[in-house]
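Biologist: Could you walk me through the sheet in this model, strand by strand, and tell me what packs on it and which charged side chains pair up around it? I'd like one long, connected answer rather than a list.

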Amino acid sequence: MIVAVAKMGMLAGLALLLAACVGPGRGLETTARSIDRELTTGTIAPQKPAFPHNMAEDIPFMLSALTNVAEGGSSAQSLKWENVETGARGVLTASIATSETPSCRAVSTTRESFEGISLYQGEACRLPSGSWFLKHLEKL
């Protein structure tokens, strides 16, 4: 009998503890309302890539075509390029150099591939070593 009363007392105490955890004002309902959903921290805007992802393998072939640009040319020059590995090809047009940026030229290129035909525009600059690099290139 004493054991039965002790068990009942333990059950009553356990029920009281559980009731305190989920009683009014202490449950998940109140907690969900108190969460600040307006606060945003550490947000960094995604950066635009310098080159379209599908152009990575073709860029060296475009730059190779730029090595044929005549130094001090008086008009824009169109140069063909082709990447036999990807099947892409196009015509790159390099503008004349300006006095403000004598080592850089505005460039535009077509890209014909299995994905279709696209037009891109950007800027290429010549390094002192004579090689070229693309500062940026974006699809129009």
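**A close look at the sheet**

Modeller: Reading along the sequence, you get the pattern α-α-α-β-β-β-β-β, which makes three helices and five strands in the protein chain. Keep in mind that this is a predicted model.

Let's start with the overall layout. The five strands form an open sheet in the order 1-2-3-4-5, and the pairing is antiparallel. Strand 1 (77–83) and strand 5 (132–139) sit at the edges with a single partner strand each, so one side of each has no neighbour in the sheet. On average, neighbouring strands here are turned by 25° against each other, ignoring direction.

Now go across it pair by pair. Strand 1 runs antiparallel to strand 2 (residues 88–94), and seven bridges join the two. If you want a marker for the register, Gln77 stands opposite Ala94 in strand 2.

Further along, strand 3 and strand 4 are antiparallel too, paired over 10 bridges. A hairpin with two residues connects strand 3 to strand 4, and Thr110 faces Leu119 of strand 4 across the pairing.

Strand 4 then pairs with strand 5, again in the antiparallel sense, over seven bridges. Two positions fix the register for you: Cys125 stands opposite Phe133 in strand 5, and Ala124 stands opposite Leu134 in strand 5. The hairpin of strand 4 and strand 5 has five residues between the strands, and one to check in your backbone plot is Gly130, with a positive phi near 100°.

So much for the backbone; next, what packs on the sheet. Helix 3 (residues 59–66) lies across strand 1, strand 2, strand 3 (104–113), strand 4 (116–126) and strand 5, and runs at about 145° to strand 1. In a regular strand, side chains alternate between the two faces of the sheet.

The side chains tell a matching story. The largest nonpolar core has 18 residues, and Leu66, Leu92, Val107 and Leu134 touch the most other members. Two or more residues of this core come from each of helix 3, strand 1, strand 2, strand 4 and strand 5, with helix 3 giving the largest share, five residues. Leu66 is a good one to centre your view on: leaving aside residues up to four places away in sequence, Leu66 touches Leu79, Leu92, Ala94, Val107, Ala124 and Trp132. Two of these names came up in the strand registers: Ala94 is the residue opposite Gln77, and Ala124 is the one opposite Leu134.

On to the charges. Side chains of opposite charge can pair when their charged atoms come close. A search of the whole structure turns up four salt bridges. One of them is between the side chains of Asp58 and Arg111, at 2.6 Å from N to O. That pair ties together distant parts of the chain: Asp58 is in the loop between helix 2 (28–34) and helix 3, while Arg111 is in strand 3, 53 residues apart. Both Asp58 and Arg111 are buried. There's also a wider arrangement here, as Asp58, Arg111 and Glu115 are linked in a network of salt bridges.

Another salt bridge joins Arg89 and Glu112, whose closest N and O atoms are 3.1 Å apart. This one also links distant parts of the chain, with Arg89 in strand 2 and Glu112 in strand 3, 23 residues apart. Arg89 has a relative accessible area of 39%, so it counts as partly exposed, and Glu112 is partly exposed as well, at 34% relative accessibility.

Over by the edge, Glu123 forms a salt bridge with Lys135, where the closest N and O atoms are 3.8 Å apart. Glu123 belongs to strand 4 and Lys135 to strand 5, 12 residues apart. Lys135 is partly exposed, with a relative accessible area of 44%.

Last, some numbers for the chain as a whole. Of the 140 residues in the protein chain, 24% are buried. Among contacts between residues at least 6 apart in sequence, 32% join residues at least 24 apart. The chain exposes about 10,300 Å², and carbon and sulfur atoms supply 62% of that.

Note on methods: Residues are numbered from 1 along each chain as its sequence is written. This is a predicted model: local features need pLDDT of at least 70, side-chain atom pairs count only at pLDDT 80 or more; totals for chains, interfaces and linings use all residues. Side-chain values use heavy atoms; hydrogens and water are left out. Two strands pair if DSSP finds at least two bridges between them. Helices (H or I, at least four residues) and strands (E, at least two) are DSSP runs, numbered from the N terminus. Axes are lines fitted to C-alpha atoms, for helices over the stretch in contact, and angles run from 0 to 180 degrees between N-to-C directions. Contact means heavy atoms within 4.5 Å. Buried means under 20% relative accessible area, exposed over 50%, partly exposed in between (1.4 Å probe, protein chains only). Accessible areas come from the Shrake-Rupley method with a 1.4 Å probe; for residues, only the protein chains shown count as cover. A nonpolar core is a set of buried Ala, Val, Leu, Ile, Met, Phe, Trp, Tyr and Cys residues joined through side-chain atoms within 4.5 Å.
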